[in-house]
Amino acid sequence: METQYYDSYGNYLEIPALVLPEGEENPAVDAINAGLAELGAQYDYLKTNEGVSQQCILYPSTTDRYINLVFFEADSSYGNDGYVRSWVYDKKEGTQVTEGEALDLAGTNREELFSGLEQLIAADPEDPRELYKLFDPIALQGFRVKADGKPVFYLAAMVDGRELENG
């Protein structure tokens, strides 16, 4: 881990860095590590802000071909469960996998992916809802690639806000 921070206020922050064998260089690894370092710098305030409670953890997973780094920030603000960011490194190609490449691996595009989520939200048997149209209602926050080469996408959607019977 490049960054590990824990305190008695319930804060934690874990951010690793990719390490190449001695003497090897790779621009994709450098780019991923730069993104991770930038992410860590965004959370420097945790180390000096007493009373703040942020849970930020990076979940690494590897397959024979891919290194997946999925960062999750728990957020208990109104209407939000948290945020995801991700980086995927293709060990075979020595490159960072882009969002477009992940969509190609899945045989889909953003519009189809988002349409599927919109249909799922509208068809929820317990609480059918509509997307909140003032902003971009759906966002592709990140992805990882499984051992079979198929991506898993992390989407966020803003749905209509309304008073429920239980408040």
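Here are some worked exercises on the predicted model shown above.

Local features need pLDDT of at least 70 and side-chain atom pairs count only at pLDDT 80 or more, while totals for chains, interfaces and linings use all residues. Residues are numbered from 1 along each chain as its sequence is written, and side-chain values use heavy atoms, with hydrogens and water left out.

**Exercise 1. Get the layout**

Task: work out which pattern of helices and strands the protein chain follows along the sequence.

Solution. Start with the inventory: the protein chain has three helices and eight strands. Helices (H or I, at least four residues) and strands (E, at least two) are DSSP runs, numbered from the N terminus. Read in order, they give β-β-α-β-β-β-β-α-α-β-β.

Next, burial: 35% of the 167 residues count as buried. The cut-offs are under 20% relative accessible area for buried, over 50% for exposed, and partly exposed in between (1.4 Å probe, protein chains only).

Finally, contacts, meaning heavy atoms within 4.5 Å. Take those between residues at least 6 apart in sequence: 51% of them join residues at least 24 apart.

**Exercise 2. Walk across the sheet**

Task: find the strand order of the open sheet, then say which strands stand at its edges.

Solution. Six strands make up the open sheet, in the order S1-S2-S3-S4-S5-S6, with mixed pairing. S1 and strand S6 (95–96) stand at the edges with a single partner strand each, so one side of each has no neighbour in the sheet. For the pairing rule, DSSP must find at least two bridges between two strands.

Now look at the S1 end. S1 and strand S2 (residues 12–15) run antiparallel and are joined by four bridges, and Tyr6 sits opposite Tyr12 in S2. The two strands form a hairpin with five residues between them, and Gly10 in the turn has a positive phi of about 90 degrees.

What about the faces of S1? In a regular strand the side chains alternate between the two faces of the sheet. Along S1 (residues 3–6), Thr3 and Tyr5 point to one face and are buried, whereas Gln4 and Tyr6 point to the other and are not.

At the S6 end, S5 and S6 pair in the antiparallel sense over two bridges. Here Tyr89 stands opposite Gln96 in S6.

**Exercise 3. Trace the salt bridges**

Task: find how many salt bridges there are, and which residues they join into one network.

Solution. The rule asks for a side-chain nitrogen of Lys or Arg within 4 Å of a carboxyl oxygen of Asp or Glu. By this rule the count is three.

Begin with Arg65 and Asp90, whose closest N and O atoms are 2.9 Å apart. Arg65 lies in the loop between strand S3 (55–62) and strand S4 (66–74) and Asp90 in strand S5, so this pair ties together parts 25 residues apart in sequence. Asp90 counts as buried at 5% relative accessibility, while Arg65 is partly exposed at 28%. Leaving aside residues up to four places away in sequence, Asp90 touches Arg65, Tyr66, Thr95 and Val97.

Arg65 also meets Glu93 in a salt bridge (3.8 Å, N to O). Glu93 lies in the loop between S5 and S6 and Arg65 in the loop between S3 and S4, so that pair links parts 28 residues apart in sequence.

The remaining bridge joins Glu99 and Arg110 (2.5 Å, N to O). Glu99 lies in helix H2 and Arg110 in helix H3 (residues 110–122), so parts eleven residues apart in sequence are tied together. Glu99 is partly exposed at 30%, and Arg110 is partly exposed at 31%.

Back to the network: salt bridges that share partners join Arg65, Asp90 and Glu93.

**Exercise 4. Classify the aromatic pair**

Task: locate the aromatic pair and decide whether its residues are buried or exposed.

Solution. Rings of Phe, Tyr and Trp (its six-membered ring) pair if their centres lie within 6.5 Å; planes under 30 degrees apart count as stacked, over 60 as edge-to-face and the rest as tilted. The whole structure holds one aromatic pair. The rings of Phe143 and Phe153 have centres 6.3 Å apart and planes at 50 degrees, so the pair is tilted. Phe143 lies in strand S7 (residues 138–145) and Phe153 in strand S8, so the pair ties together parts ten residues apart in sequence. Both Phe143 and Phe153 are buried.
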